[in-house]
Amino acid sequence: MGVWSKGTVVLLEDNRGAIVREQNSDDIFSPKVELVSKGPKTIIDLTEERDIKIKRSLDPGTEGKEYLDLV
């Protein structure tokens, strides 16, 4: 089990929203995330993209509410 649970809505340090889609057993702090955007589905493996970090989780009842239908 990683630090960020599957389905958690997070804010990346570059202020993009993302949803945790899969854990990385090699690095529990760097899951695979799906960027929240209107374009095509984009999955980023944070173990490969070391310059991208998770800043914090978004409360799904308030600031993350717009992303709930994507979880």
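This is a short tour of a predicted model, going from the sheet to its strand pairs, then to the salt bridges and a surface patch.

**Stop 1: the whole sheet.** Start with a cartoon view and colour the strands. You'll see five of them forming an open sheet, in the order β4-β3-β2-β1-β5, with antiparallel pairing. Select 43–45 and 54–57 next: these are β4 and β5, the edge strands, and each pairs on one side only. Turn the view a little and follow the twist, which averages 40 degrees from one strand to the next. If you're wondering what holds such neighbours together, strands of a sheet pair through backbone hydrogen bonds.

**Stop 2: β1 and β2.** Select residues 9–12 for β1 and 17–22 for β2. Three bridges join β1 to β2, and the two run antiparallel. For one example, click Val 9, whose bridge partner in β2 is Ile 19. Then look at the turn: β1 and β2 make a hairpin with four residues between them, and Asn 15 in that turn has a positive phi of about 70 degrees.

**Stop 3: a salt bridge by Asp 14 and Arg 16.** Show the side chains of Asp 14 and Arg 16, which meet in a salt bridge at 2.8 Å, N to O. Are these two buried or exposed? Neither, quite: Asp 14 is partly exposed, with a relative accessible area of 39%, and Arg 16 is partly exposed too, at 33%.

**Stop 4: across to β5.** Keep β1 on screen and bring back β5. Three bridges join this antiparallel pair, and in β5 you'll find Ser 57 as the bridge partner of Val 10. Now click Lys 55, which also lies in β5. How far is Lys 55 from Leu 11 in space, C-alpha to C-alpha? The distance is 5.6 Å, although the two are 44 residues apart in sequence. Leaving aside residues up to four places away in sequence, Lys 55 touches Leu 11, Leu 12, Glu 13 and Asn 15.

**Stop 5: β2 and β3.** Head to the other side of β2 and select 32–35, which is β3. Four bridges join β2 to β3, running antiparallel. Pick out Glu 22, which stands opposite Lys 32 in β3. Their side chains meet as well, in a salt bridge of 3.5 Å, N to O. The pair links distant parts of the chain, with Lys 32 in strand β3 and Glu 22 in strand β2, ten residues apart. Both ends are partly exposed: Lys 32 has a relative accessible area of 23%, and Glu 22 has 42%.

**Stop 6: a link between loops.** Select Arg 50 and Asp 27, whose side chains form a salt bridge at 2.9 Å, N to O. Arg 50 sits in the loop between β4 and β5 and Asp 27 in the loop between β2 and β3, so this pair ties together parts that are 23 residues apart in sequence. Try a surface view here: Arg 50 is partly exposed at 43% relative accessibility, whereas Asp 27 is buried at 16%. How many salt bridges does a search of the whole structure find? It finds four.

**Stop 7: a nonpolar patch.** Stay in that β2–β3 loop and click Ile 28, which is found there. Ile 28 is partly exposed, with a relative accessible area of 37%. Add Val 3 and Phe 29 to your selection: together with Ile 28 they make a nonpolar surface patch of about 280 Å².

Methods. Residues numbered from 1 in each chain as written. Predicted model: local features only at pLDDT ≥ 70, side-chain atom pairs only at ≥ 80, totals over all residues. Heavy atoms only, no water. Patch = residues over 30% accessible without salt bridge, like charges linked within 9 Å, V, L, I, M, F, W, Y side chains within 5 Å. Areas by Shrake-Rupley, 256 points an atom, 1.4 Å probe, with all protein chains shown as cover. Buried < 20%, exposed > 50% of the residue type's maximum accessible area, 1.4 Å probe, protein only. Pairing = 2+ DSSP bridges. Axes fitted to C-alpha atoms, helices over the stretch in contact; angles between N-to-C directions. Contact = heavy atoms within 4.5 Å.
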